[in-house]
Every structure is written in structure tokens, then in C-alpha cells.
Amino acid sequence: MGAAVLIVLATFIYTNRVIRLVGSEERENVKIWADAIHRKASLVNYTEGFFEQIASEERRRVELLAQAYKKLISATNDADLSFYLDIVSNNKNIPVVMTDENSRIINATNVDSAIDSLTYLKGEALLSFAKYRPIVVNYYEEKKNFLYYKDSRLFSELKAVLDDLTQSFFDEVASNTASVPVIITDSLVQKIYASGNIPNGNLDDPQYLKQLLQEMQDENEPIVVRLTGQGTRYIYYLNSGLLTELRLYPYVQFAIIGLFLLVAYFLFSTARKAEQNQVWVGMSKETAHQLGTPLSSMMAWIELLKIDDQNKEQALTELLNDIDRLQVITDRFSKIGSIPKLHIEDIGTVLQENVNYFKRRTSSKIHFHLSLPDEIIEVPLNKPLFNWVIENLFRNAVDAMTGSGKININLSTEGRNILLDISDTGKGISRRRFKTIFSPGYTSKKRGWGLGLSLARRIIGEYHHGKIFVKASTLNEGTTFRIILHKSKLLNPGI
């Protein structure tokens, strides 16, 4: 548990450090973005200043052209007439329309085709010349003509380019790559020119907008942009959404890890208690199972003595064997949880004793075949516990063969290893269950808890430093278990 807490703390500290680094970079990005806005605003202002100079020159040209028309009308000599006529005839950019008193177009210069095709100057065409007051031309007593003019086409094109530049500047600020929430307002903070990356909310709601602008102002001082001819704009912005999430991430991570640990501890505690309960139940059933064989045998021999005195000596001998078996069982359970001692034993003799005991206590249709090498093989064993393993394998084999079949026990050596194969002709085990059958609680029987093979693996693996596993199995043909032990000096292993 302490190691888990240390791991969580180390993860939390490391993540916090990474987030601080990323957050610092993110704040630097926002600063770079804000500086870029100032530079672009300066560029826009410079462009507008340059445009204002051009506009001023254009207005002087328009005023000069208007004066030329007036002078041309009132010219008194040929020199003046020629001079002003040259000015008027050299006009290639300024749109000019002359009409009579009824707005009938008399002449038009530098106008688009839509106006050039009109007979009367009215409607939208007239509105397009509404910026400047027309020049009144008196040509005969009360008769008048009107000279309409407007900014040159060059000036209008430059104005459209500047408007696009200004609008693109605001659009770029609003939809910034730094993912910064932005609102651009007028100097009175009443009109919104552009916005971008705004969290869920309705900017048309005055209360929400006021609260959001206040939050932005509290977090960052608004950027002031003064545009020539357009007034002052305020750029309000928050730190990026990523930076905000990064600030919250360590706490969210800590909460999730804490919740995970609590759930994991609860599940582990519940599973452990359930496993402990199952182990107690399994041990009690295994005890009953262990005691069942000698007790059943003793009862059978007693019944035989009641009806047949001729087999009294054999019956007494077998009763003594069953009593010895009960003592062995008692010894087995006393050794669970303690440090077993190993003694040098002739493993062939131990196997023969087990076969002889089970032959007389199983059906005559179950045939045992023990194959031993010629040499005596001595192995460090805890005999009561090792017999328990063999007994479990024999019982499982008998159950798998449902009353009839053959059990082969083959003992051999391979270098320093001792190989013990126990085979049956039962129903077999599917390959995917080769490992799970050794797990506590696994059983294919209708009765029993499945503790036998789990105990067998612990006895062979932990107490005798060997291995037990399914060597081979074929469904409806049989199974072979293999036990590997080592030729070694006497050991006293602990659990």
C-alpha cells in the first residue's frame, strides 16, 4: 500500500511539473500572440495613415475638378477656357455626371456601365453621388444644370482594400491559433466587432457578456487598438482553454487516482474476504473428502466382520491401515501453514504403498499399473504431504473414468530430474483449462470445491521445489499429469 502511495505521489509530482512547463509555454504563446496583435495594429494604423494621405490628395483632386467645372462655365476668355477645359478633359478617375433640372443625364464620365445606361439619375445611382453636394450650373436665365461627382475609382478601391485589411485583422485576432477566447468591442464596450473561441454562452445576453468581459479584464488587461478614422477598439481575452484545463488537470488526476485506489482497495478487500471464506469452505470439504475414504473402508470392514469371521485377520489388518491413514490425514492438516521437514525417501516404495492402498478401496474395474526403474530413487520428501498429492491425482483419475478404466504410474529419471507421470483413460481436459485447473475454486465435479490440485501445486512447488502440470490431455481419451522433482540433498524449505 505504501509503495502504491509513493507511485501515485511520484506520478502526481511529475505530471505537475510537466503541466507547469506546458503552462509556461502556453502563457508565452499568449504573450507572443498579444505582441503580434500590437504589431499588426501598428501596421494597420500605418496603412490607414498612408491611405489618409492618398485620400486627402484624392479629395483635393475632386475639389480641383469641381472648381474647374465652375470656372469653365464662367470663363470669360479663350485662355481661361482652354486651361479649365484641359483639367476637365484629363480627368480619368473621378466619376462625373451632369443632369438637367429634371435629373435627366446630359453627360457622364468615368462611371460604370449601370449608370452610363441610365436616362435619369435617381434611386441607388443618385445615392452613390450623395457624398458631395452637386455643383449648380446656371446657363440661361433661370435654367440650371447639376454637376454630380464622387471619389475617384482608385480612392474607392483603396478604401475597399483598407476595409478588408481591417476586417481581416479583427477576424485573425478572433480566430487565433493560440485558442485564446477573444472579444473585440468599441471604445464604449457596447458593440462587438468580432469574437472567437468563446466558451458555451450567449453573447447576446447582456448579463453573460458583462460577466465574461469582467472575467477577461480581471485575468488580462485589454489590448487597446486605435485605428485611424475608425476610433478605438478593445481586445478582451482569456488564457487559452488548454491552459485552463492544464491548471485543473493535476487535481482531476489526483481525484481520479484517489477514486481508483479506493475502488481497487474495496474490490481487493472484498475479493480477499470472499477467497478466505471459500478457502475455509474448501478446507472443510477437503477434510471431509480426505476422511471419507478411510472411514468408508473401516465401516465396510466392520460390516464384513459382522457377517464373516473367517476374514477377521485381514479385516483387522485393513482396519489398522485405515487408522494409519487417519493419522496421516491428521498429520497432513497439521502441516498446512507450518514449515514441513523433508526426509530422504524411496519414492518407488512410497508410490507402491499408495497404489496398494487404493487398489483395495476402488472398483475392481479400475486397473492400476505402476512402472518403476530398476534402481532405487531416493528423494527428499515430506511423505504425508506428498502422499496427499498422489491421493488427489488418483481420486481425480477415478472420478474422470466414472468407475472403469486404467491408471498408469510411470517413474523415470532425466539427469538430475525425477519424472513422475500419472495417466488415466478418463474424459480428458481441454487445453485452455490446463492452467486454470490448478486455481483455487476450480472444479468440474458437481460436488467438491476444487481445492485438491491447488494444494497439490503448493505442496510440490513451494515445499518440494518441483513442478506439477498437465503434460497431455485428449478429450474422451485421457489425461497425463507430470510431477518433476530434483535429486538433491535434504532440504528444510519454508512456505
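**Exercise 1. Find how far strand E13 is enclosed, and place one of its residues.**

Begin with the strand as a whole: seven of the eight residues of E13 are buried, so the strand is largely enclosed by the rest of the structure. Here buried means under 20% relative accessible area, exposed means over 50%, and partly exposed lies in between, with a 1.4 Å probe and protein chains only. Strands, like helices, are DSSP runs numbered from the N terminus, a helix (H or I) having at least four residues and a strand (E) at least two. The model is a predicted one, in which local features need pLDDT of at least 70 and side-chain atom pairs count only at pLDDT 80 or more, while totals for chains, interfaces and linings use all residues. Residues are numbered from 1 along each chain as its sequence is written, and side-chain values use heavy atoms, with hydrogens and water left out.

Next take Ser-423, which belongs to strand E13 (residues 417-424). Its relative accessible area is 18%, so Ser-423 counts as buried.

Finally look at what surrounds this residue. Leaving aside residues up to four places away in sequence, Ser-423 touches Lys-406, Ile-407, Asn-408, Thr-479 and Thr-480, where contact means heavy atoms within 4.5 Å. With Thr-480 there is also a side-chain to side-chain polar contact of 2.8 Å; such a contact is a pair of N or O atoms within 3.5 Å, and within protein one must be able to donate a hydrogen and the other to accept it, residues adjacent in sequence counting only if both atoms are side-chain atoms.

**Exercise 2. Identify the strands that pair with E13, and then the sheet they build.**

Start on one side, where strand E12 (residues 405-414) pairs with E13 in the antiparallel sense over eight bridges; two strands pair if DSSP finds at least two bridges between them. Ser-412 has Leu-419 of E13 as its bridge partner. The two strands form a hairpin with two residues between them, and Gly-415 in the turn has a positive phi of about 65°.

Turn to the other side, where E13 and strand E15 (residues 478-486) are antiparallel over seven bridges. Asp-421 has Arg-482 as its bridge partner in E15, and Leu-420 stands opposite Ile-483.

Now assemble the sheet: five strands lie in the order E10-E12-E13-E15-E14, forming an open sheet with mixed pairing. Strand E10 (366-371) and strand E14 (467-474) stand at the edges with a single partner strand each, so one side of each is left without a neighbour in the sheet.

**Exercise 3. Describe how the helices lie against this sheet and against each other.**

First, helix H9 (residues 347-359) lies across E10, E12, E13 and E15, and runs at about 170° to E10. Helix H10 also packs on the sheet, touching E10, E12, E13, E14 and E15, with its direction at about 25° to that of E13. Axes are lines fitted to C-alpha atoms, for helices over the stretch in contact, and angles run from 0 to 180 degrees between N-to-C directions.

Then consider H10 (residues 383-400) with helix H11 (residues 452-463): they pack at an angle of about 145°, their axes 9 Å apart. Residues making this contact include Trp-388 and Leu-393 of H10 and Ile-459 and Tyr-463 of H11.
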